[in-house]
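Here is a short tour of one protein model, written for someone new to structures. Have a look at the sequence and the 3D view first, then read on.

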Amino acid sequence: MANKLKTSPKQARATQQLKEEPEVQVTVSEFVKDERTYKIVGATLLLIGFFLFISFASYLFSWKEDQDKVVNFGIKIFSTDDVKVSNLFGVLGAYTSHNLIYNGFGLASFLICTTFFVLGVNLMSGKKIFSLKRNIKYVIAGILILSVAFAYLNSQLLHTGFAWGGGTGELISEWLIKWIGSLGTFCILLLAVLFYIIWRFDPKFSIASFKKRVADFRATDMQQEDAEPELNGSGKRKKGKKSDSQYIHDNETDTAPDLDNEEEGSLYIQQPGAANQAGNRLKNGSGSVTVTMPDQGSEDASLGLSLSEKAAGQASSGTLPLSVNEQLAGQHAEELSSDGSIALDNKPSRAATTMPTNNTPAKVSKNASPEDFKLEISEEVDDVPSEIIVGEENPAAKVVAQGDYEPTLDLSNYKYPNIDMLEMHGSEKAVHDPEELEQNKNQIITTLKNYDIHIQRISATVGPTVTLYEIVPAPGVRISRIKNLEDDIALSLAALGIRIIAPIPGRGTIGIEVPNINKTIVSMRGLISSEKFQNNKFSLPIAIGKKINNENFIVDLASMPHLLMAGATGQGKSVGVNALLVSLLYKKHPSQLKFVLVDPKKVELSIYRTIEHHFLAKLPGEEEAIITDTKKVVTTLNALCIEMDNRYDLLKEAGCRNIKEYNEKFIKRRLNPQKGHQFLPFIVLVIDEFADLIMTAGKEVEMPIARLAQLARAVGIHLIIATQRPSVNIITGTIKANFPARIAFKVSSKIDSRTILDAGGAEQLIGKGDMLISYNGEITRLQCAFVDTPEVDQICDFIGEQQGYPEAFLLPEYIDEKEMGSSGGSDLEDRDPLFEDAARLIVQNQVGSTSLIQRRMKLGYNRAGRLMDQLEMAGVVGANQGSKARDVLIKTDAELQVLLDNMP
Ligand SMILES: Nc1ncnc2c1ncn2[C@@H]1O[C@H](COP(=O)(O)OP(=O)(O)OP(=O)(O)O)[C@@H](O)[C@H]1O
């Protein structure tokens with residue numbers, strides 16, 4: 001038997017494990033959770049709604065014939081053979097409508113059908129399309145008010161035999177008439193109807209809002225007339241087209257009617273001052289479930305289930321024991337899921353999580369089996385509102401007080417993209433499988449125990465792609481021992497992408513991240529509609545993804561201030577870049593933001609070409625705004641450097657330290673546009689495939705990038721650079737030093753991970769948007785938000801079809817010194833092509849300043865200087881006077897024209 005393979009203890013355990021695998025049984029909880037069950041219940045409810053509606057409608061015509069029969073026979077009508085009724089739904093229809101309409105609430109009973117409809121549609125679709133809670137609120141209020149109002153009208157005016165308000169309405173109406181008289185009842189009812197309309201539709205009564213509506217109406221009218229011939233460069237705008245979604249961003253005029261939609265579609269339309277409302281309505285966000293399995297030492301091995309709830313930012317861990325005394329892990333697991341859902345439904349926006357802390361070292365029994373560990377569930381609910389915030393009013397327009405400069409005025413009718421253009425890719429909730437959790441927990445404990453490592457407590461937080469198991473080791477256990485077991489734990493769990501974080505900073509625990517079997521896609525829609533995204537005050541808000549605790553990771557690109565993204569091919573970089581760009585498109589007006597897009601692959605960013613006239617910047621004289629040619633990248637980067645220098649000059653002259661202060665001053669009209677001051681949009685430079693650029697242009701690219709990265713932040717220029725190859729010759733020391741925020745998608749080696757993050761870990765990610773972000777000195781694992789190309793297409797088309805600027809935002813012209821040739825000389829016979837323009841500018845402004853030429857004509861310092869020398873030679877300006885502007889010798893345009901005509 002020399003050839004017989006020896007079975008190692010590990011293999012033996014694995015085999016045993018295989019044998020012990022339990023039979024697949026469909027438990028009640030699984031049945032309840034099954035999607036098909038929801039669909040069946042949904043269809044039944046829709047049918048009931050339909051039945052009620054038809055029965056009620058039929059009752060309106062058949063009540064005279066059917067009423068006597070239902071009253072005489074009562075419930076026995078169902079068992080009596082020879083009764084014939086006229087209701088379309090027979091005896092059941094006649095009986096139900098008689099009781100609900102005649103005895104109940106009259107015509108208002110029709111409202112009941114809507115509740116069945118709402119419930120049915122939500123269950124059938126598996127999404128919260130309509131808000132049940134609000135439907136119930138409105139139905140109850142509507143039934144009460146309408147039934148009394150109809151009964152009152154019937155008793156005072158109509159005097160018909162039909163029960164307009166039903167038994168209940170008539171009873172209340174009679175009481176009211178008795179107590180406060182007919183007129184009093186009328187007033188009360190009028191007031192109630194008014195209350196209902198205001199509560200339900202929130203109409204605007206102010207004169208200002210009326211004026212605004214008239215102005216908006218006129219503006220739209222005029223714009224349609226004026227703009228039709230050249231509405232945008234692509235000429236795509238459809239005449240008179242105003243899609244439903246466009247209404248979303250209209251001011252009050254349009255949002256008011258849409259409130260109705262909000263109700264019917266459970267869409268929440270944000271209005272000024274409604275921010276908190278949105279927050280208050282948060283509920284049922286996608287839950288991160290934290291399963292905590294504490295106290296190994298507990299002797300009785302009873303399993304306690306507790307929900308710990310944490311208010312955002314505070315680490316108050318109130319544990320609510322739900323007293324579950326189950327001995328078996330399987331039963332225990334069932335409890336987890338059922339209780340988990342309770343907490344999810346109840347708690348509003350909570351983001352932060354802390355482990356329930358127990359500082360007293362627990363007694364650790366070395367013989368405790370994995371099943372002896374209690375499981376605690378701590379639910380974490382993120383800030384995704386279940387009622388989606390749809391778009392918003394033009395935020396910039398809101399800030400501007402009367403008399404201030406309004407940067408958005410050029411495109412005052414610009415509509416922000418609507419949230420409906422984004423898809424909900426699957427469920428927003430992180431799915432947690434109790435069995436999987438239990439099994440992983442047992443495996444981790446057993447593996448550690450095999451190496452004689454004992455733990456006090458174990459907890460789990462279920463994220464979209466991975467579950468974080470946090471363990472508190474027994475006193476005396478060295479952390480490095482657990483860290484060294486990474487491979488062994490991965491082997492025992494038979495899972496890829498296991499990462500050990502020892503210790504988790506600030507938590508006093510050791511983290512083991514295990515990929516989930518069922519992963520959840522994090523939809524961009526969820527992030528964009530979250531309260532955190534809608535109501536932040538960031539200059540450049542970007543929604544990147546979700547943390548393991550399901551908290552939305554939304555940050556300000558302006559404070560990052562640049563972002564480096566790396567990852568092997570196919571791991572989610574392009575989706576990541578799209579997510580960043582889409583977040584900015586959802587929040588910024590074209591006057592506030594410009595993109596410079598560099599795409600050597602030619603296909604990744606080409607979808608953005610439709611927004612050229614709104615959001616893109618390009619070099620003067622260039623056809624395409626999206627740069628695909630490496631040679632042009634060098635020119636563009638240098639042009640950006642000139643723009644940066646020009647902006648610094650402007651800031652210096654305005655006495656401001658950054659773009660925010662500068663723009664505020666400009667908006668308050670404290671800066672003179674005649675001196676070259678203008679509202680400065682943020683510029684975001686996006687470079688896809690940076691490695692390709694470095695390989696072809698090397699230092700020529702690296703130098704301007706390093707300059708921009710070092711200096712451009714204060715003047716509102718920010719960089720997003722993506723690369724497939726994160727090697728040291730591409731991500732050099734200079735680049736790295738200037739990109740403190742870095743994202744790593746899955747990479748092929750630990751060395752690559754170190755190159756990007758200065759730490760390992762990215763090689764253990766599982767791809768498809770799983771990423772690590774190093775930001776503010778912390779490395780956080782995130783699941784990147786997913787936005788599909790058709791969604792981006794739709795958003796860009798929507799923007800592109802609107803009226804835009806006549807052309808893309810022009811960057812300053814950059815002419816390579818080497819290429820200047822003879823035209824760059826200070827010789828009048830060989831004048832600069834821009835000589836005449838510069839002369840006119842100087843004469844019109846009567847200021848002989850080089851920086852004026854530089855800023856207004858968007859030129860670099862050298863070229864502007866040369867132009868000034870030529871103007872001096874031509875006699876347009878006087879001699880250089882040091883720091884003072886030169887004298888302008890030509891006083892009028894006519895004089896200048898004569899001079900120009902006489903020039904050689
Ligand atoms: N956040 C995400 N959530 C879910 N799936 C994702 C996510 N990101 C990427 N994927 C999946 O991975 C695929 C590849 O993503 P992507 O095209 O972004 O990769 P890439 O890194 O840009 O690749 P390449 O460098 O070759 O262009 C996508 O088509 C998508 O199916």
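## A turn after a helix

Right after helix α23 comes G698, with a positive phi near 50°. Helices here are DSSP runs of H or I with at least four residues, strands are runs of E with at least two, and both are numbered from the N terminus. What you're looking at is a predicted model, in which local features need pLDDT of at least 70, side-chain atom pairs count only at pLDDT 80 or more, and totals for chains, interfaces and linings use all residues. Residue numbers start from 1 along each chain as its sequence is written.

Let's stay with α23 (residues 690-697) for a moment: its buried residues are F690, L693 and I694. (Buried takes 20 or more other C-beta atoms within 10 Å of a residue's own, exposed is 12 or fewer, partly exposed is in between, and the C-beta atoms are placed from the backbone.) Those buried residues sit on the same side of α23, because they cover an arc of only 95° around the axis; the arc is that of the directions from the helix axis to the C-beta atoms. What covers them includes α21 (630-654), β16, α24 (699-711) and β17 (717-723).

On the other side of the sequence, E689 sits in the loop between β16 and α23. Phi of E689 is positive, near 60°, although the residue isn't a glycine.

## Backbone oddities

D452 is another non-glycine residue with a positive phi, near 65°. You'll find D452 in the loop between α14 (434-450) and β7 (455-462). There's also a cis peptide bond between M560 and P561, with omega about -10°. P561 belongs to the loop between β12 (552-556) and β13.

Here is how some residues compare in their surroundings:

| Residue | Other C-beta atoms within 10 Å | State |
|---|---|---|
| D452 | 9 C-beta atoms | exposed |
| G570 | 12 C-beta atoms | exposed |
| E689 | 21 C-beta atoms | buried |
| K573 | 24 C-beta atoms | buried |

## Around the ligand

Which residues come nearest to the ligand? Of the 14 around it, these are G572, K573, S574, V575 and G769. (A residue counts as near if its C-beta atom, placed from the backbone, lies within 6 Å of the molecule.) Helix α19 (residues 573-587) gives the largest share of this shell, three residues. By class, the shell has four nonpolar, eight polar and two charged residues. Here Ala, Val, Leu, Ile, Met, Phe, Trp, Tyr, Cys and Pro count as nonpolar, Asp, Glu, Lys and Arg as charged, and the others, Gly among them, as polar.

An unreviewed UniProt entry has a "binding site" annotation that covers G567, A568, T569, G570, Q571, G572, K573 and S574. G570 is in the loop between β13 (563-566) and α19, while K573 is in helix α19. Apart from neighbours within four places in sequence, K573 is in contact (C-beta atoms, placed from the backbone, within 7 Å) with M565, G567, A722 and F745.

## How confident is the model?

The protein's mean pLDDT, the predictor's confidence in each residue from 0 to 100, is 74, and 71% of its residues reach 70 or more. Confidence is lowest in strand β1 (residues 267-268), at a mean of 30, and highest in strand β16 (residues 682-687), at 95. Over residues 219-364, pLDDT stays under 50. The model scores ipTM 0.97 and pTM 0.56.

Technical notes
Contact = placed C-beta atoms within 7 Å. UniProt positions renumbered as here; feature names shortened; annotations may be inferred.
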